[in-house]
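This report looks at one contact between two domains. The structure comes first, then the numbers.

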Amino acid sequence: MKQPQRIASGGRIDRAAPLSFTFDGETYQGFKGDTLASALLANDIHLVGRSFKYHRPRGILTAGSEEPNALVGLRRDEGQNTPNLRATQIELYSGLDAVSQNRFPSLSFDIGAVNDLLSPLFAAGFYYKTFMWPQSFWNKVYEPFIRAAAGLGNAPRDADRDRYANTYAHCDVLVIGSGPAGLAAATAAAESGARVILCDEQREMGGSLLHENDPSVAISSEPAGQWVEKTLADLAANDRVTLLPRTTAFGYFAQNFVALAERVTDHLADPDPRLPRERLWQVRAKQVVIATGAIERPMVFPENDRPGIMMAEAGRIYLNRYGAKVGSRVVIATACDTAYHAAIDLKQAGIEVDLVADLRPDPQGAAIDAAKAAGIRVEPAMVVTGTQGRKRVSKALLGRVRPDGSVVSAGSIACDCLLMSGGWTPNVSLYSQSRGKVVFDEASGAFVPGPSVQAERSAGSCRGINGLAAVIEDGFEAGEVAAKAAIGKGKRPEAPEVSGGEAGSGGTLGALPHDRDAARVRAFVDFQNDVTAKDVKLAVREGFQSIEHIKRYTTTGMATDQGRLSNMNALSIASTALDRTIPDVGLTTFRQPYTPVTFGTLATTSRGDLFDPVRQTPIHGWAEEQGAAFEDVGLWKRAWYFPKPGEGMHEAVARECATVRETVGLFDASTLGKIEVVGPDAAEFLNRIYTNPWLKLGVGKLRYGLMLNEAGFIMDDGVVGRIAEDRFHVTTTTGGAPRVLAHMEDYLQTEWPDLDVWLTSTTEQWAVIAVQGPKAREAIAPLVEGIDLAPEAMPHMSMQTGTICGVPTRLFRVSFTGELGFEINVPASKGREVWEAVWERVKALEGCAYGTETMHVLRAEKGYIIVGQETDGTVTPDDVGMDWAIGKKKADFVGMRSLARPDIVVSGRKQLVGLLTDNPSVVLEEGAQVTQEARPALKTSALGHVTSSYHSPALGRSIALALVADGRAKTGSTLYVPMPDGPIAVEVVSPVFYDPQGARLDV
Amino acid sequence: MLLIHCPYCGVERPEIEFRYGGEAHIARPAEPSKLSDEEWAEFLYMRTNPRGLMAERWRHVHGCGRFFNAIRDTVSDRFLKVYKAGEKRPDMKKLAAEAAQ
Amino acid sequence: MSEIAIHQANGAAPVVSARGAKVNLAAPLARFSFRGPEAACVKAGPAFRTGLPTTPLSSSHTQTRAALWLGPDEWLLLAADGSAGQIFGVIEAALGDTPHALVDVSERNTALIVSGPRAAWLLNSQLFLDLDDTVFHVGMATRTLFAKAEIVLWRTGKDQFVIECWRSFLPYVAGLLAEVARELEVA
């Protein structure tokens, strides 16, 4: 297939590798090495998108990541599209399927283009001014309208199937940008012996040297391209150097933490699914060299946004690097010397370059002379005052700038491409991200990096150094100094001899003069956000003074390039309108990311099953095989209930509860937090940490421990066993384990460092098998050795060590059900085999396995609290009726003093009570409010709330626990739980519903 | 991600290995029961919350596990000094002057 | 430094076997958390048959024993010979009344052996430490984070590391390593 604008030879594309691709459904051809933009241009396609606000036809403006117009969506397959990619950065592959955006029904006929005719309505602040009142319009009129009109591109429908990777990397010197300055800096740093990472957002490294075809430009007497090749080969051969092409440094954070996004497979037609699509590099660099070059500035003249109007250097890049002609009849508008190189190169490629219109009254220099010598018409003091052409520029209107600054028409000129160059803006984005403050350089009229805030330096044209020899020199110096700072030694490579590539001069800022009706023309400043020179002036007229406010009001500089193209022009216009100097107005801060980053790259491997650790107990597999339902408790998976065939949750739980009370149940309590507290001062330490007394607890005895924070509120509880004089086995709640250990360590290390006691988490050392029910003893007796299970030898709240099934165990006699109970602690790896042995016994006794739901019901029947359910961080021991757990003779423990605070001893605090609904089949909703009146007046305070609520199989009715103001004094009275369907009457009762004397424990 | 120097490990590690522990040098009273309600409230709740240098507790929770103290500038988020638990609070004015240079 | 080989692959199929990187589950070991001041540390070393190092982030080892510094008063003791109960008795006897805490954590931890020229690269997918062998050299050990899991990382060779973590975190750590290693399968 034809590529009408492809030159016969030259460029860095592989003409032996033609590639087919589609754009808006049409099939085209390009070559390996093309970008989508260069391939489209080779096919003479300039119209590639519609603008955001006015839906104006737009073409490819640049050849880099700052591209504001040529945003397309890429489809890999149905539901997997990536919107808003810059065609200038998309590497062509076979079968690439791109679609234009922001148009309906088609790119060339777009209904939204009516916005362009209505443009006077859409000036700066349009949304703020329009969508104000009436309030009732918001939901039905304004929001749907804004939603339909807002946004670019279509979000993908399906979940992202690609993988994403992450790498943490460290280096002595990170060099960002691989143009002449970056290559030189990396070389100097590498030769100094530093660990170097060199990254560049482009496929190929070399920056501007990749399109430097001028035979007069030579480095060490070789063409620039050869110097690039040789330099890269040397760097690649050094195993302390990492070269990262296709990698954008998108965020510069504190302490030289720089985030890079590497595009690993986006350029491949058929990527191996095992490869990550992108890789996030989290680099910690001792020193950073920023070598991000300069960006050519658009000229702000009326209708400067038509397809076919491009940056001059982009025209040169497409020609020299990609072999694509940007037009057949080209006019160049410039205010600086570099555009003349484009003029000469295009002319030499056989393109008609009919005019260079130079804004400057008397441009002089080698480049101008060369252009003239090549037969190119150069007009000084000439400005483009407008353009024509609907989907592609067809004509440029010209004006002559008189010495007084006014403009008179100088006719017009036909063209199919208009190249422009307003000069060069040093790319200070990353310096600005590093929190450095730019300073204004009057000589060059540009902001350049000021003092370093972090360990970084800029090199080359991103700090206003121009001319090839000077840039390479600057790079070498930056690399040497960076290496020296990082590793203590720096080596300066011998500077190569450079010929050609001298620095040009010139440049302009802001809106250009013209002879047109100012009220009727639009000169674009920010192409992506459709911000015109007029909008910026309007913002100033409406009273905005700060450039940061002007930015937000007009949205100039808020495009995906973060204003790299637009900021200086916008600032200049604002400065003129404000009648203040540019440095006085100041530049807005550049934000991360440098270019857009995918969510996948930020999430990396943290997704799906690997998003969080999923913690499973040693018995998990057994529960799974039994068909248990699981619930998440923190990171743990816990068996929730064990349904038999045909059972729902309610039936299963009812059966499990009844079985435990009648025979015996088996419960996996392995997730309970465990801490081994060891040392001569262990008892003293626990005495200070828990409310209970510990000094006299005998070896082999258990005690329920209640832990408060210093404010007097309950923070955790658990059973503690004394293994030896100087050794305690402490248990905590499942979710509270890390918090309790941290709390204990805090007091131990910072308040009582004199105590000889140490804490070790043993949560996962032990599997814990709870055997609960009247037949619990019978269940384990045949399996136990060396332990006397008789009630008098092993009463409630005692422990013994011995073996079970031949496995060493710490056997606790403890109950969280109100029944006779044991907790078998065995080494984790033996958990399942012991469990299965006990299970055989339990089965034989017609018992069951039960899950956390049954555990909750059984403990609620007994009025046992669960920390975090009955308590919420504002509940004291007395509030839940647990004054008995406080050691009355103790002089101090954590939280003790707070229990005497006025707000704690005051009457009227919420207290734990039981609630019984009048209708026994009604189960209250947990969290429901409890009120005095059935239908309380609005703004009446509730008395409290329901904390736990279940159907109780043992009582054959519903039960609930609640925190109610002065609850204990309200015992016997009727309160209400107002619900949407009407109030539910409840009777206040004791929170202990079942076996209040505890007779069942004592068997 | 900030890097924090651990005075026990002798290395810098990312802040995610550490846990913030509030203001430093607030000792728990030896005999809390002898304190008035006002004094106890002062100990429990009142913190200086300065703009600028602050002495604070950090714990290298996912490292050596030790609590230590640090002087951090709450404006710039820079750590000016770290020191072991039990060591005296450094001269804050001197540190501030050094940091200003 | 002689080869550190306290951890041995457990004989099951490796978690990862890719070009340049291998991850194996380690066979069971006796493990202890030892806590105490210097007086305890000097007595424990001879009893455990390898000295307890006092340099931060360092380790000591013999053919079958290793002691990893985890904190100024905390060591992880690893033993490939002898039962946990027997070793526990020997150390306790040697310490006598000297204040200390010795806790059996043999079953709390499990370990992965990550080896091969790409081992450091594989680890650095989730681990932010600089694993250059001049920075984190052979023998160094530290508690740190592997993505969202706390681990102890021990460099046992230029291209070999051991990850000790709590047993319920192992599937997560191994799962991430396997996921990341997928790209190593691609030629």
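A salt bridge here is a side-chain nitrogen of Lys or Arg within 4 Å of a carboxyl oxygen of Asp or Glu. A:R58 forms one with A:D305, with the closest N and O atoms 2.9 Å apart. Between domain 1 and domain 3 of chain A the count is three salt bridges.

The model is predicted: local features need pLDDT of at least 70, side-chain atom pairs count only at pLDDT 80 or more, and totals for chains, interfaces and linings use all residues. Residues are numbered from 1 along each chain as its sequence is written, chains are lettered from A and ligands numbered from 1 in the order in which they are written, and side-chain values use heavy atoms, without hydrogens and water.

The domain bounds come from an automatic or database domain assignment. Among them are these two:

| Domain of chain A | Residue range | Residues in the contact (heavy atoms within 4.5 Å) |
|---|---|---|
| Domain 1 | 1-157 | 28 residues |
| Domain 3 | 299-421 | 25 residues |

The two domains bury about 2,100 Å² between them, and carbon and sulfur atoms give 56% of that. Buried area is the accessible area (1.4 Å probe) that two parts lose on being put together, summed over both. A:Q5, A:H46 and A:L61 supply 28% of what domain 1 of chain A buries against domain 3 of chain A, more than any other three residues.

Which element gives the most to the side of domain 1 of chain A that touches domain 3 of chain A? Helix 1 of chain A does, with four residues. Helices (H or I, at least four residues) are DSSP runs, numbered from the N terminus.

Conventions: Helices (H or I, at least four residues) and strands (E, at least two) are DSSP runs, numbered from the N terminus.
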